[in-house]
Amino acid sequence: MKTISKAVPKLDHYEKISGAAKYVCDLPTKGMLFGRMLRSTEARAKFGNITLPELPEGYFFYDKNDVPGVNKVQIVLDDTPVFAEGIVEYIGDPIGLLVGSDERVVNQLLKQIQVEYEVLEPVFDPRESKESFFNVNIDKGNIAEAFANADKVYEEKFHTGLQEQAYLETNGLIAEYVDGKMTIRGSLQCPYYVFGAVAQAMGLENENVRIVQDVTGGGFGGKEDYPSVLACQAAVAAYHSKKPVRIVFDRHEDMIATSKRHPSYCTYRVAIKDKKVIGMDIDVLYDAGAYTTLSLVVLQRGVIGAAGIYNVPNLKVRGEARKTNIVPSGAFRGFGGPQTFFAVEMMMTHIAKDLGMDAVEFKLQNAAKQGDTTSTSGRYHFPVPIPAMTEDVLKASDYYNKKKVYQNQTGRYRRGIGASLVYHGCGFTGNGERDLIKAVVKLKKSKDGMVEVLTAGTDMGQGLFTTLNKIVSSTLEIPMEQVIVALPDTDMVPDSGPTVASRSIMSVGNLLMKAAKRLKEEWIDGEAQLIEQRYEHPDFMIPFDNDNFTGDAYPTFSWSVNVVEVEIDSLTGFIKVIGAWGCYDVGTPIDEQIVMGQMEGGFVQSLGYGMMEKMEAHNGWIRNSSFSDYIIPTAVEFENLHVMLHVVDYPNGPFGAKGAGELPNVGPAPATIDAIQNALDTTLNKAPFIAEDVMNFLREVK
Amino acid sequence: MSNSVKFRLNGAEMTYTENPAMRLLDALREGYLLTGTKCGCKEGECGACSVIVNGQLYNSCLVAMGSLEGAEVMTIEGFSKTERFAVLEKAYQEVSAVQCGFCIPGMVLASECLLASNPHPTEEEIRVGISGNLCRCTGYNSIVAAVGIAAQKGEGLW
Amino acid sequence: MVTSVFAHSLKEALEYRRNPKWIPYCGGTDLMVEGDEGAAYLFVNQVPEMRKILVEDNRLRLGAAVTFTEILNAAEVPQILKEAMGDIAAPAIRNAGSIGGNIGNGSAKADSALVFMVADADLRLASADGERILPIKDFYLGRKHLALKPDELIVEVIMPYKGLENYYYQKVGARDALAISRLSFAGIMELEGDKIKNFATAFGAVADVILRPKEIDAIMIGKTLEEAKALKEEYLKAIDAFIVPIRGRVSVEYRKDVAMNLLKDFLEVKGL
């Protein structure tokens, strides 16, 4: 292990553990107005008159008519209204915002508001939706020829459900408008996303918008695009009321109104010749919900990953995101990857079973190697350490022996073991970094030699500030105490891009390392210095063609192998994960413990996705809108969870590091479902798979 | 009830005269400005608002102020001044068990209550001890390890 | 502001209870989920008469304000009840939640009430004008509908102290901790010589109230194991007809299947 990988105390450790850290909900509220959203109770409807109760002095209601700029939230496309314009598209769609000085009074008043609806026919199933938001297609090789030459063709359908980020701190922001300048602070991942959205909605010049991150209690993608929506709404109220406006969601509101992981429906047709995959013909359908938000980019990642880690010479993928009248889905750690990786991993196990092969053997036989072409006809430029990682995980989990034993079980408890082999593409898809983000970072050295790291990177618990500090201080060979990484404030920091896509270490960290190298060379004692570093596109990359979806979608990939072992109670359907093993290649860890914490945490989220976390929109209503109904893992669920790192230097990342954060959210769910299908001696096609599904299955086989 | 509740908060004598039906959580955060106690769900399902009442772990969201007559309440602000906290704090640090931090004050108080009743817990007992405290970041392994380390290093303190 | 009252003794509590506006508050873990700040509570969590655990005349008396944790730690408590208490939620809820509240909340998912039902426990109900003993089975009249008069309090649960050793208990939740029962089952078979002296089952979280098929269970009582075995099919058929689940967080089919599976397992494990 490299010296840099040795764990250090996290910079925010003490303030958080002592309770001193101030999250946005902890800031003093004196003089502030509290805001609560008036939300649609209809899944699709025109609305007319809004009847307000008599508002006490100092209480205000704002809606679409009060948006001073454009009533659209800038995300990828501008279709999400700040406040609904005559039509609501999902239950929870914001119609207006009520603010006042007493939160309890605001809540009381909100209940008295009446909205006249003219109900329209909603669509809840994307398979029945006629409204296509996005199409993303891959056409590689000659798919018709592959199917013509096949020994056998397999066809199956797969489904995954909604998943809620369930960060412990709900979404919350404060907006304040002083002397013509709008300041938004709070819980957020991407200051410059919020910045752009607020400037547009408020019609303000850039110099009159300021976004500041407060200590943020978890994001997982759930604070990527959503804070842009909330910030515009809060800003409207602050603008008119001339008072700071605070909106902090309660858990119910957070669960019904903020973005989730897209539900998916995939159809796979796979051509096999001599036990090798020679072609895949795939339909990928993502349920986008009511507005487009991030669905285009989520879909892109899903489509690129649809062939899994396999070398598929002939590939056709038709990806589509359609509109439905449920809460919009958006970013969630893994970002479109977990859905198609689930599908392809299950598909491969089913084919292996039919071929009479062990699934892992079959997968390894078809896995891509360094130098092979990717699904987008780019290249795997760097080592693909999947075989070695697989060996380690199979050995640790005693996979083959268990697989042998777990057959023809008839007793009350039935065990199964399953595996998945996956990747996560590091950084933005395609040319995003070069054409959209154009990241800039700065290092600011003061006369006394303190070095301030200036990026828009946010720490929401993943340890980014500590990581960036280590990169800079190690490069400069100065103590960590001499380097400052503060919560980003757009008045101070350049736009180094959003904290998403497992890009922060690899992209932002790399720019910082370059800047630090320069600063080291140019270092002058006693003098203030400023170093600016701009993104440079790696020259080894095969240019990405957005129209044909060809080229290197990512400079490199992070790899993982996961094994999960379950025990199912055939009397109750209860599924117990009795063992879980994961091996992760994220390059060189900048901090071993931070990376392990990321891998373990993501692993558990993905286990939840596989066998626990069921969320449904029943006629548009998110029924699981509380922690008693939306079940996430506790400390006693996965007691036997083991993570190991497979360290290979990535030459283009700082100190050999590459993308990390999202990788563990991709593989564990399919490994879990593989284990469940092993225990039940069947083939399964959906996630999550929970106790009721087990009992339904057992009832049917009876 | 004369509409006043006498109780001790982090060692200090308090007389509470506001609404007895108010949640302890809200009184702590809004009234006493002790914001180390976090609100995650208001239904006792996440543990972010954990405090210690009469030596036992409670969800402060599920406690009405009026029930606290004569009670001894300790929050993270009070506990963070103790020797036991120092041991737990170091142990959590040693394994980087703090990520977003929102569950952590509650988690630390759950750790304290566990160790107070069981100074040498097994791994399984640790997991049960913190099973009412949801953490979405860590996957729990590091927190479980931290409590184990604290039990070892704090030998004699609990 | 609506106020609340704090009772220092049972007498005081019952006097307050003459006025139906006071909502009895014991552990708060159910009431405070709603968290109505306009509520007028009668705090009985520190009433000494409701805080006792004692054995008297071979009966275990548990004060209504006794918490789940206190039951877990009490030497006198039968294992079946301890097991049920240990499966409730998580430590903080067990520290605060009381059996009186668990029963009085009227939920068919109440984990302590399931054990009290299978044990055929009695409730001691009191008002300022007197008190009565009511079998817990007669306490539950329907969904959230209780045989508690507006001026009454649940003061104690009185249950057998012995004869519960040969039990079967299983709670099925959605996860291992912090789980609300999706179905729960308890069974007791007490043998005397070669005869079944007591045979009792109870099903939680399956219908509006906890189901306790006393009449059906009675067919097993007084029988030898061999005789009971011969009755097994008839017995299962009767229970199957008796259990009519309602849909909740899980489906009717799920509840029915799991209830019957656990019942059959109980019979098998106990040698029937």
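This briefing walks through a few local features of chains A, B and C. Please keep in mind that the model is predicted. In chain A we look at helix H8, which is mostly covered, and at Val88(A), which counts as buried. In chain B the topic is the contact between domain 1 and domain 2, and in chain C it is an open sheet of three strands.

**Helix H8 of chain A**

- H8(A) runs over residues 337-355, and its end C-alpha atoms are 27 Å apart.
- That agrees with expectation, because 19 residues at 1.5 Å a residue should span 27 Å.
- Of the 19 residues in H8(A), 15 are buried, so to speak of the helix as mostly covered is fair.
- Right after the helix comes Gly356(A), and its phi is positive, near 75°.

**Val88 of chain A**

- You will find Val88(A) in strand S4 of chain A, which covers residues 87-88.
- Val88(A) counts as buried because it has 27 C-beta neighbours inside 10 Å, where the cut-off for buried is 20 or more.
- Beyond its neighbours within four places in sequence, Val88(A) is in contact with Ser40(A), Glu42(A), Arg44(A), Ala45(A), Phe47(A), Asp93(A) and Ile95(A).
- Thr293(A) is 205 residues away from Val88(A) in sequence, and their C-alpha atoms are 16 Å apart in space.

**The two domains of chain B**

- The domain assignment splits chain B into domain 1 (5-78) and domain 2 (82-153).
- Their C-alpha centres lie 21 Å apart.
- Domain 1 of chain B brings 15 residues to the contact, and domain 2 of chain B brings 13 residues.
- On the side of domain 1 that touches domain 2, strand S3 (50-53) and strand S4 (56-59) of chain B each supply at least two residues.
- S3(B) gives the largest share of that side, with three residues.
- By residue type, that side of domain 1 of chain B divides into seven nonpolar, seven polar and one charged.

**The sheet of chain C**

- The three strands of this open sheet are ordered S1-S3-S2 in chain C, and the pairing is parallel.
- Strand S1 (5-6) and strand S2 (23-25) of chain C stand at the edges with a single partner strand each, so one side of each has no neighbour in the sheet.
- Two bridges join S1(C) to strand S3 of chain C (residues 41-43) in the parallel sense.
- Val5(C) has Leu42(C), in S3(C), as its bridge partner.
- As background, strands of a sheet pair through backbone hydrogen bonds, either parallel or antiparallel.

Conventions: Residues are numbered from 1 along each chain as its sequence is written. Chains are lettered from A and ligands numbered from 1 in the order in which they are written. This is a predicted model: local features need pLDDT of at least 70, side-chain atom pairs count only at pLDDT 80 or more; totals for chains, interfaces and linings use all residues. Helices (H or I, at least four residues) and strands (E, at least two) are DSSP runs, numbered from the N terminus. The expected span of a helix is 1.5 Å times one less than its number of residues. A residue is buried if 20 or more other C-beta atoms lie within 10 Å of its own, exposed if 12 or fewer, and partly exposed in between; C-beta atoms are placed from the backbone. Two residues are in contact if their C-beta atoms, placed from the backbone, lie within 7 Å. Domain bounds come from an automatic or database domain assignment. Ala, Val, Leu, Ile, Met, Phe, Trp, Tyr, Cys and Pro count as nonpolar, Asp, Glu, Lys and Arg as charged, and the others, Gly among them, as polar. Two strands pair if DSSP finds at least two bridges between them.
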